[in-house]
Amino acid sequence: MKRDGALLSLWQNKIPEFQPVNGQTEGKVFDVMVVGGGITGLTTALHLQRSGKSCLVAEAYHLCFGTTGGTTAHLNTFFDTSYDKIQKNFGEEDAQLVARAANDAMDLFRANIETYAIKCGFEEKDGYLFSQDEAQTAELDKIYQASLKANAEVSITERIPIDISFQKAIVYHDQAQLHPTQYVYGLARAFEEAGGIILQDCRVQDCKGDEILEVRTTKGTMKAAHLIWATHIPPGVNVLHFRCAPYRSYALAVQLKDGAYPENLAYDMVDPYHYYRTQEVDGIKYLIAGGEDHKTAHVKNTEECFRKLEAHVRTHFHVEEVSFKWSSQYFEPSDGLAYIGHLPGNPNRVFVATGFGGNGMTYSHIAAILLTELINTGQSKYEKLFHPGRLKPIAGFSNFIKEGADVVAQFIGKKLSKEKLTELADLAPGEARLVKYEGASLALYKDEQGILHAVNPTCTHVKCTVDWNSAEKSWDCPCHGARYSPDGKVLTGPAGKDLEVVEIFSLMEEK
């Protein structure tokens, strides 16, 4: 399975691309069109389809191409924004509502797996959060007390499932883990059996209308009564892009010499924190460890992030080999909770699910529940809590949209000599660099065959300058998280257009 980066994740190894069965869309008006073929899109589409709605899923590449294929697949009833912070920002009642939503999400996981007989390595586990110094312990005490008030299933424990020294620990009961791509494929098959349609290699470009939306895609214009952006971040330019910060997170799947794999989930309180669990895939056990998070394109040497994470893991575990390493992207919400509901600035029938932070697995199912209720009944007990409309538009935002939506300025010349570019950047195969050419910036990449690729480094979203991600071999935007392949193809939104390609010619060939 291909993914949105150069590094293969454990979940995409030996997994073929999904082959849809249903595909006829001509002349149809769907009740709901879901954009995005990850866990949020498929869970929501199946939930709606089973409720009686006719649904279409449109995916720009193929199922699990993006973050779902790069998750570490922890299923939690607690969040990166801890319950004490939720209480402080939203109040005790809303903190209890968040915990209730998390429990509903876990119940939906269990129901889907049982109802559709999905074989995905699902196991219920306890999740341990531990402190390692006085400051962390004081914070842990606040989290524990707030979790109790929120009615989370939590208790103090004297042990943790990994051999790391700690001061204090609490345990959240009835957490879980699974193989995410196997789970999504199970949902997809159930969705098709229920009459749903999946279109892959179908990028949604825009939509317009009121009662019936006309949705323009790379496979033609389609019609739907409702549209859901389940793309991790909506494309185009929207106020949510200024309330969701893009982050990269790093993961390793390693085999251990001594077989001392943790039986449960564990999380430290370092900033950024580390997290650990075990998954058996094809009869082989792996320790999965993650961490070293940072804002997208704000770290120059992304390979160093993997080295730091591996060093940390080797300090505490007897590693035999690192079998897989990969990174993935998530979007951190400004006030700590996800944005699920009507997409601001769009027709009333257009919805969004974004800002999941590091809890995308849980939020995916909260989104499915909430959006199904909104579309079927017009209301949900979770609507106000997660409503994107709780945001206040920033000053001058309408002007910013107008400016940012303009076509990016074209690179001068569009056609450059290979000899001149070779002088500008002496690149080894697999390397990339931003260079200056006649006063303008140019993004150069030399592939493994020694062929140069040049693109305009101006992000097509709102004109920020992309930078090279050496680990995943992609051009990443530091502003809103758009990501592009070495030759400029969009990998991750919110950008909807590829980077401008600059043609390279040889003076010798011209002669």
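The second largest pocket is lined by 16 residues, and E123, Q177, T278, Q279 and E280 are those nearest its centre. The structure is a predicted model. This briefing considers that pocket, then the residue T278, and finally several cysteines.

**The second largest pocket**

- The volume of the second largest pocket is about 240 Å³.
- Two strands, β4 (123-131) and β13 (275-281), each contribute at least two residues to the lining of this pocket.
- Strand β13 gives the most to the lining, with four residues.
- By chemical character, the lining of the second largest pocket comprises four nonpolar, six polar and six charged residues.

**T278, a residue of the pocket lining**

- T278 belongs to strand β13, and T278 is also among the lining residues that lie nearest the centre of the second largest pocket.
- T278 has a relative accessibility of 11%; because buried means under 20%, T278 counts as buried.
- A polar atom of the T278 side chain lies 2.7 Å from the backbone oxygen of P262.
- Leaving aside residues up to four places away in sequence, T278 touches Q177, Y261, P262, K285 and Y286.
- P262 therefore appears in the list of residues that T278 touches, and Q177 is in turn one of the residues nearest the centre of the pocket.

**The disulfide**

- A disulfide is a covalent bond between the sulfur atoms of two cysteines.
- The count for this model comes to one disulfide.
- This disulfide joins C464 to C479, with a distance from S to S of 2.0 Å.
- The torsion about the S-S bond of C464 and C479 is about -105°, so the disulfide is left-handed.
- C464 lies in the loop between β21 (452-455) and β22 (467-469), and C479 lies in the loop between β23 (474-476) and β24 (483-484), so the pair ties together parts that are 15 residues apart in sequence.
- C464 is buried, with a relative accessible area of 15%, whereas C479 counts as partly exposed at 32% relative accessibility.

**Cysteines in no disulfide**

- C305 is in no disulfide, and the nearest cysteine sulfur, which belongs to C477, is 18 Å away.
- C305 is buried, with a relative accessible area of 7%.
- C477 is likewise in no disulfide; the nearest cysteine sulfur, that of C459, is 3.9 Å away.
- The sulfur atoms of a disulfide must lie within 2.5 Å, so the 3.9 Å from C477 to C459 does not qualify.
- The relative accessible area of C477 is 2%, so C477 is buried.

Terms used:
Residues are numbered from 1 along each chain as its sequence is written. This is a predicted model: local features need pLDDT of at least 70, side-chain atom pairs count only at pLDDT 80 or more; totals for chains, interfaces and linings use all residues. Side-chain values use heavy atoms; hydrogens and water are left out. On a 1 Å grid over the protein atoms alone, a cavity is a set of points where a 1.4 Å probe fits but cannot get out, and a pocket is an open set with protein on both sides within 12 Å along at least five of seven lines; lining residues have an atom within 4 Å of a point. Grid points are joined across faces, edges and corners, and a volume is the space filled by probe spheres set on the points. Ala, Val, Leu, Ile, Met, Phe, Trp, Tyr, Cys and Pro count as nonpolar, Asp, Glu, Lys and Arg as charged, and the others, Gly among them, as polar. Buried means under 20% relative accessible area, exposed over 50%, partly exposed in between (1.4 Å probe, protein chains only). A polar contact is a pair of N or O atoms within 3.5 Å; within protein, one must be able to donate a hydrogen and the other to accept it, and residues adjacent in sequence count only if both atoms are side-chain atoms. Contact means heavy atoms within 4.5 Å.
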